[in-house]
Amino acid sequence: MLPRFGEPVEPGRRYRDRIGAYAVIRQGDDVLVTEQDATSREFQLPGGALDPGEGALRALHRECLEEIGWRIAVSRRLGAFQRFTYMPEYDLWARKVCHIYLARPVRRVGLPTEAGHTAVWMTIPAALDLLAVEGDRHFLRQVARLDLRPDRRTAPLPSPQPRRANELISALLP
């Protein structure tokens with residue numbers, strides 16, 4: 001069973017599954033996050049939903065370019081969580097399944113191309129105070145507590161075969 005963070009499920013409400021990939025991008029004692037100001041100003045781990053037919057790692061690389069303008073190198077998968085939320089930009093109630101990866105920044109290629117996003121470097125303690133999503137804070141706390149760094153691989157990467165969104169959903173459902 002996936003851990004759930006955030007608001008409880010509302011009985012009778014229909015939620016649409018949205019599978020996504022997000023990254024804790026660490027360099028030294030700092031992390032790179034996105035400041036999103038689309039509906040309300042908040043800090044989040046960069047990442048987002050998988051497009052149809054897209055694997056989690058490909059989606060993560062695409063989303064990081066769009067939201068923060070950086071190329072990244074993923075070193076390991078940290079885990080996953082789910083949250084039930086309303087997404088006003090899509091007028092959608094969603095069960096978001098968030099796969100979290102540890103990564104390092106490789107190269108800034110430009111400004112974010114997705115409107116309403118700004119790349120922000122901050123210390124880990126600041127990010128723990130400012131990240132809006134409880135699940136994001138959970139995995140960042142894990143990274144800080146275990147002193148996980150992208151240059152110190154402690155577990156193998158997932159299979160190099162990309163997994164598709166429907167495979168991820170099937171693997172998570174009972």
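# Close-up views of a predicted model

**View 1. Cysteines in a structure with zero disulfides.** Cys64 counts as buried, because its relative accessibility of 0% falls under the cut-off of 20%. The model shown here, as in each of the views that follow, is a predicted one. Cys98 also counts as buried, at a relative accessibility of 3%. The structure holds zero disulfides, so that no pair of cysteine sulfur atoms lies within 2.5 Å.

**View 2. Glu63, a buried residue of helix α1.** Glu63 belongs to helix α1, which covers residues 56-68, and with a relative accessible area of 7% it is buried, since the cut-off for that word is under 20%. When neighbours within four places in sequence are set aside, Glu63 is in contact with Gly47, Gly48, Ala49, Ile68 and Glu114. Pro112 stands 49 residues from Glu63 in sequence, while the C-alpha atoms of the two residues are 9.6 Å apart in space. The side chain of Glu63 is also joined to the side chain of Arg62 by a polar contact of 3.1 Å.

**View 3. A network of salt bridges that includes Arg62, Glu63 and Glu66.** Which residues are linked in this network of salt bridges? They are Asp51, Glu54, Arg62, Glu63 and Glu66. One salt bridge to look for is that between Glu66 and Arg62, in which the closest N and O atoms are 3.3 Å apart. Both of these residues lie in helix α1, and the four residues that separate them in sequence amount to about one turn of the helix. An α-helix has 3.6 residues a turn, so residues three or four places apart point the same way. Glu66 is partly exposed, with a relative accessible area of 24%, whereas Glu63, at 7%, is buried.

**View 4. Salt bridges of Arg13 and Arg26.** The structure holds 11 salt bridges, and this view takes up the ones that join Arg13 to Glu10 and Arg26 to Asp29. Side chains of opposite charge can pair when their charged atoms come close. Between Arg13 and Glu10 the closest N and O atoms are 3.1 Å apart, and between Arg26 and Asp29 they are 3.5 Å apart. Is Arg26 buried or exposed? Arg26 is buried, with a relative accessible area of 5%. Arg13, by contrast, counts as partly exposed at 34% relative accessibility, and Glu10 counts as partly exposed at 34% as well.

**View 5. Helix α3 and its buried face.** The 12 residues of helix α3, numbered 134-145, should span 16 Å at 1.5 Å a residue, and the C-alpha atoms at its ends are indeed 16 Å apart, which agrees. The buried residues of α3 are Gly135, Asp136, Phe139, Leu140 and Val143. Seen down the helix axis, these buried residues fall within an arc of 135°, so they line one face of α3. What do the buried residues of α3 pack against? They pack against β1 (16-27), β2 (30-36), β3 (42-44), β5 (70-87), β6 (92-108) and α2 (124-130).

**View 6. Positive phi values at Asp91 and Asp147.** Most residues other than glycine have a negative phi, and most peptide bonds are trans. Asp91 has a phi near 50°, which is a positive value in a residue other than glycine, and it is found in the loop between β5 and β6. With a relative accessible area of 59%, Asp91 is exposed, because that word applies to values over 50%. Asp147 likewise has a positive phi near 50°, and its place is just after α3, in the loop between α3 and α4 (165-172). Asp147 is partly exposed, with a relative accessible area of 30%.

**View 7. Glu35, a buried residue in strand β2.** Glu35 sits in strand β2, and at 11% relative accessibility it counts as buried, the cut-off being under 20%. Not counting residues up to four places away in sequence, Glu35 touches Arg41, Glu42, Phe43, Gly116, His117, Thr118 and Val120. The strand that holds Glu35 is among the elements against which the buried residues of α3 pack, so this view can be read together with View 5.

How values were computed
Residues numbered from 1 in each chain as written. Predicted model: local features only at pLDDT ≥ 70, side-chain atom pairs only at ≥ 80, totals over all residues. Heavy atoms only, no water. Helix = DSSP H or I, 4+ residues; strand = E, 2+ residues; numbered from the N terminus. Buried < 20%, exposed > 50% of the residue type's maximum accessible area, 1.4 Å probe, protein only. Contact = heavy atoms within 4.5 Å. Polar contact = N/O pair within 3.5 Å; in protein donor to acceptor, adjacent residues only side chain to side chain. Expected span 1.5 Å × (residues − 1). Arc of directions from axis to C-beta. Salt bridge = Lys/Arg side-chain N within 4 Å of Asp/Glu carboxyl O.
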